[in-house]
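Biologist: I should like to learn how the features of a protein model are read. May we go through them one at a time?

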Amino acid sequence: MRLQGKSVFGGIAMGKLAVYEKKERTVKREKREDADAEMQRFYEAKEEAKRQLGVLYEKALKEVGEANAAIFDVHQMMLDDQDYEESIEHIIREQKVNAEYAVAQTGDNFSEIFAAMDDDYMRMRAADVKDISDRVIAVLQGGKDKGFAGGEPVILLAEDLAPSETVQLDKEKVLSFVTKFGSTNSHTAILARTMNIPALIGIDFPKDCEGAFGIVDGFEGALYIDPDEETIALYEKKKQKEEERRALLQELKGKENVTKDGTRVELFANIGSVADVGAALQNDAGGIGLFRSEFLYIGAEDYPSEEQQFQAYRTVAQNMAGKKVVIRTLDIGADKKADYFGLDPEENPALGFRAIRICLQRPQILKTQLRAIFRAACYGNISVMYPMITSLREVERIKEIVEEVKEELLKDGLPFGEVEQGIMIETPAAVFMSAELAKEVDFFSIGTNDLTQYLLACDRQNPNLADVCDPYHPAVLRAIEMTVKNAHAGGAWVGICGELGGDVRMTETFLRMGVDELSVSPPRILEVRDAIRRIDLKG
Amino acid sequence: MKEFCYTITDPEGIHARPAGLLVKAAAAHPCRVTLKGNGKEVDAKRIMGVMSMGVKQGQELTVVCDGEGEAQACADLEAFLKENL
C-alpha cells in the first residue's frame, strides 16, 4: 500500500511501523480533604515540570537554535500563569479533589478556549496547554518523563506530535516520524527538519498497521506499508546512496571551508523555496547565496502580496539565524512565466523581456518585493541581488527605487533593516562593465549558466548545442577571472552561484582566482567542502 | 492611570513567542497593566490571557497602565510593541 502525504523533511527510512498513542493519562477524581497538601503537591510538580522544560529548552537551543527553542520558554511561562494556577487552586479547594484531577480539568478548559478560536496559530496553542498539563500530571503520578519506550528502531506513526514530544524523540530508536495532522510550518516540522529526521505529514494511516514493515520516502512524501520485493530492493539502493551521503556529512559537518594553506572561502546554499532551508542547514550551509524568489510568482494566480513575500523571507532569515541570506529579485521571463504577467510570446526569450527588465518597466512589482525584503531584514541578515544587469544605468535606477522604498516604509511607520545590495554577473556586458559596477554595489554573484549561454551565443536549452555550450570554455573562465579582479579592485566581494560553483573540478581554479564565496545546491555543499580542504594553493 | 493605543503590524498577531516577551515586559513594572482589544480585556502579566485575546495584524490594542510607575511602564511597553509587534 502506498500512501501519499507531504514531506516535512527528506531522507529514506525502512523499518517496522509503530503507532504512537498519546498515553491518555487516566486521571481519577479522588476526594482529598487536605487542600493545602494538594496545593503543595501541585507546586512541587509544577517546579519539576519547569525544570524539565528548562532542560528541553537547553537541548533545543543547542540543536535547533533560539527561535525554535523559544516554545519551551513559553511553556514555562504558561505553567507560571496566574489564571492557570488560580483555576487549579479553585478546583482543589472548592471540590476537595486531588491535584491530578484539578490540573487535567484546567488543562481541558484552557485548551478548549484556544481550540475554539478562528485562527490556526492559536488553535495550535490548545496542544501547548494540553502538553504542559500532561507534563505536570506525569510528575504528580510519579511517572517518568514521557518518552518512547524503545526496542528496535521504528518508523513512528502518530496523529500529531507536540513539540516536547519531538524534541524528546530518541533518535537512536526512531527512524522517521509520520503524522496525520500537523503543518509544514508547525514547530514540530521545523524541529524535525533541523533535527535531521525524515518526516511526513498528512498521512492517514490505517490503525492496524502496527508492526508491519514500512518505507518512508521523505523525498516524495510517501509511506509504503508492506511493500513488494521490487519496491524494497529499489529503496535499499536509494537508502544506501543516502547513507553514503550522510556519512560524508557526518565527517565534514562543522568543519571549516579552508584549504591546506589556510585560504578560507564561504560556502553557501542555493534554494528555491522556504522548505529548502532545512536541507541547507542539514548540509551545514554557511548561508544562503541564492534564494530564488520565483516560487512566489510561478504557479500563483496573481502577484504575491507584500505580506506573503514578507512571511517567506522572514521565515528563511529567522531559520538561518543571523547567517547571510541573499534574495534574488524576480527572475522571470517569456520562458518561465506566470499568466498574470501578461507577457507576449517572444522569438528569443533568453534575450527578451525578463528579470530586471520587467521590474524596471513595471517598478511596482519590484517595489512590493523590496518592501517585503527590507522589512524581513529586521529578522536576520538579508542581502538582495538583481538579475540580468547589463548597464550602470540599470543599477542607478534600482538604487533610486530602493531609496523610494525606504522613504515609503519610514512614512508607513514600518520597521526595516540594513540590506546589502548586489548584482548578478551573467551577461557579457556586465563582465566588461564590472570595474564600474563594483563601485556601485556591495557584491557580485556570477551566474555561470546564463553567462556561458550569452558569451558563447548558444541556447542552453538546445540539446544539439551541448558541445558548444561548454562552461569550461576559456572565454567563460577569463570572464570570471576578470569579474573577480574588478570586484576586488572596486571593493565588492564576489561569489559564484551557477552550477559551475558546485563543480569540484573547478574549485581550485576559482580559489586561485580569489572567489570569496561559492553557492551550490544543498546536497553539493559537503562535497565541495571536501574538495576545498584537499586544495593547497601554495603547493 | 495612563493609556495608549497601538495597531499590531506583525502578520501573525500576538502569537506565542511575542506574547511571552510581552508578558515579561509587563511583569517588569509594578503597576497594573491591562490590555484591551478584539472585544476582550486581559491582565498583561498573564500569558494565557494575552494569548487568548487572539489579536491579529491590523487590530488595535489599548494598553492601560495604572499605579506605581505608570508613565514609565507606558513608555517601555510602547517601545516594546513597536519593536516586536
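Modeller: The turns below treat the barrel, a covered helix, a cavity, two single residues and the second chain. Please keep in mind that this is a predicted model.

Biologist: Let us begin with the barrel. Which strands form the closed barrel, and in what pairing sense?

Modeller: In chain A, 8 strands close a barrel in the order β9-β10-β11-β12-β13-β14-β15-β16, with parallel pairing. Between neighbouring strands of this sheet the average turn is 25 degrees, direction ignored. Helix α19 of chain A, residues 525–534, packs on the sheet and touches β9 (266–271) and β16 (517–520) of chain A. The direction of α19 makes about 160 degrees with that of β9(A).

Biologist: How many bridges join β11 and β12 of chain A?

Modeller: Strand β11 (residues 324–328) and strand β12 (residues 381–386), both of chain A, pair in the parallel sense over 5 bridges. To follow one of these on screen, select A:Ile327, whose bridge partner in β12(A) is A:Val384.

Biologist: I turn to helices. How many residues of α16 in chain A are buried?

Modeller: A general point comes first: an α-helix has 3.6 residues a turn, so residues three or four places apart point the same way. Helix α16 of chain A, residues 448–455, is mostly covered, with 6 of its 8 residues buried. The buried ones are A:Thr448, A:Asp450, A:Leu451, A:Thr452, A:Gln453 and A:Tyr454.

Biologist: Against which elements do the buried residues of α16(A) pack?

Modeller: They pack against three strands and two helices of chain A: the strands are β13 (420–425), β14 (443–446) and β15 (493–496), and the helices are α14 (428–432) and α17 (474–489). Just after α16(A) comes A:Ala457, which takes a positive phi of about 50 degrees.

Biologist: How is empty space found, and what is the volume of the largest cavity?

Modeller: Rolling a probe the size of a water molecule over the atoms shows where empty space is left. Here the structure holds 1 cavity of 30 Å³ or more, and the largest cavity has a volume of about 40 Å³. Its lining consists of A:Tyr386, A:Val395, A:Ile398, A:Lys399, A:Gln421, A:Ile423, A:Glu440 and A:Val441. Helix α13 (392–412) and strand β13 of chain A each supply at least two lining residues, and α13(A) gives the most, with 3 residues.

Biologist: Now a single residue. Is A:Lys367 buried or exposed?

Modeller: A residue is called buried when its relative accessible area is under 20%. A:Lys367 has 12% relative accessibility and therefore counts as buried. This lysine belongs to helix α12 of chain A, residues 363–376. Neighbours within four places in sequence aside, A:Lys367 is in contact with A:Ile401, A:Glu404, A:Val405 and A:Glu408.

Biologist: Why does A:Ser273 count as buried?

Modeller: A:Ser273 counts as buried because its relative accessibility is 19%. The residue lies in the loop between β9 and α9 (277–282) of chain A. Not counting residues up to four places away in sequence, A:Ser273 touches A:Phe291 and A:Phe295.

Biologist: Finally, in what order do the elements of chain B run?

Modeller: Chain B has 3 helices and 4 strands, which run β-α-β-β-α-β-α from the N terminus on. Of its 85 residues, 54% count as buried. Of the chain B contacts between residues at least 6 apart in sequence, 68% join residues at least 24 apart. Chain B exposes about 3,600 Å², of which carbon and sulfur atoms supply 46%.

Conventions:
Residues numbered from 1 in each chain as written. Chains lettered and ligands numbered in written order. Predicted model: local features only at pLDDT ≥ 70, side-chain atom pairs only at ≥ 80, totals over all residues. Heavy atoms only, no water. Buried < 20%, exposed > 50% of the residue type's maximum accessible area, 1.4 Å probe, protein only. Contact = heavy atoms within 4.5 Å. Areas by Shrake-Rupley, 256 points an atom, 1.4 Å probe, with all protein chains shown as cover. Pairing = 2+ DSSP bridges. Axes fitted to C-alpha atoms, helices over the stretch in contact; angles between N-to-C directions. 1 Å grid on protein atoms, 1.4 Å probe; cavity = no way out; pocket = protein on both sides within 12 Å on 5 of 7 lines; lining within 4 Å. Points joined across faces, edges and corners; volume = space filled by probe spheres on them.
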